Amino acid sequence: MRDSNSGATLVIAGLVVALVIRRQLRTRPVRRTGSLLAPAILGAVGATGLGFGVASVVKERPLGTLPIVLLAMSLVVAAGFGVLRARTVRIWRDPQGAVVRKGTPATTALWVASGVAHLGLGLWIDQVEGVGILGAASLYAYLAIGLGAQNLSVRGRATAL
């Protein structure tokens, strides 16, 4: 990132990702609606971030087609990682009959791989454009789509129990 707050932004983003991963590794119930709250919040923050990212580019020059294509590809990658992670989450019925879930070490590994993929795609977006922070600013949208896809996939698996 090229702005003066890049260090603080990276710390906050790192904390959000760590919190999401930590939460994934706890045993918790599979809920019908609650599992989409975090992706919705991240999505709202992500939409704002994308707005700032676009603004950071267009103040210097018009936004090109390739960064938009790369951004779309990044969000598709996020969804793909979400579906893959969902397959690594253990789902079972507890003694009271409630359906519960818990991430595994493979879930964590896929979160790390997803983060590396976003970092690479974000740097590519920003390098292609040459100005602004669109790639870096897409992190929360990336997290929202990935987590949303994961939670929907987990929920779908849980209904089979």
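These questions and answers cover exposure, charge, a surface patch and the cores of a predicted model.

In this predicted model, local features need pLDDT of at least 70 and side-chain atom pairs pLDDT 80 or more, while totals for chains, interfaces and linings use all residues. Residues are numbered from 1 along each chain as its sequence is written, and side-chain values use heavy atoms, without hydrogens and water.

Q: Why is Met73 called partly exposed?
A: Buried means under 20% relative accessible area and exposed over 50%, with partly exposed in between (1.4 Å probe, protein chains only). Met73 has 36% relative accessibility, so it counts as partly exposed.

Q: How do you know that Arg155 has no salt bridge?
A: A salt bridge needs a side-chain nitrogen of Lys or Arg within 4 Å of a carboxyl oxygen of Asp or Glu. The nearest side chain of opposite charge, Asp94, is 17 Å away from Arg155. Arg155 is buried and sits in helix H6 (residues 139–159).

Q: What makes up the nonpolar patch on the surface?
A: Patch residues have over 30% relative accessible area and no salt bridge; nonpolar side chains (Val, Leu, Ile, Met, Phe, Trp, Tyr) are joined within 5 Å, like charges within 9 Å. Leu66, Val69, Met73, Trp124 and Val128 form this one. H3 gives the largest share, 3 residues.

Q: What makes a nonpolar core, and how many residues has the largest?
A: A core is a set of buried Ala, Val, Leu, Ile, Met, Phe, Trp, Tyr and Cys residues joined through side-chain atoms within 4.5 Å. The largest has 13 residues; Leu50 and Leu71 are among those with the most contacts inside it. H3 gives the most to this core, 5 residues.

Definitions and conventions
Helix = DSSP H or I, 4+ residues; strand = E, 2+ residues; numbered from the N terminus. Lys, Arg positive; Asp, Glu negative; His and termini not counted. Areas by Shrake-Rupley, 256 points an atom, 1.4 Å probe, with all protein chains shown as cover.
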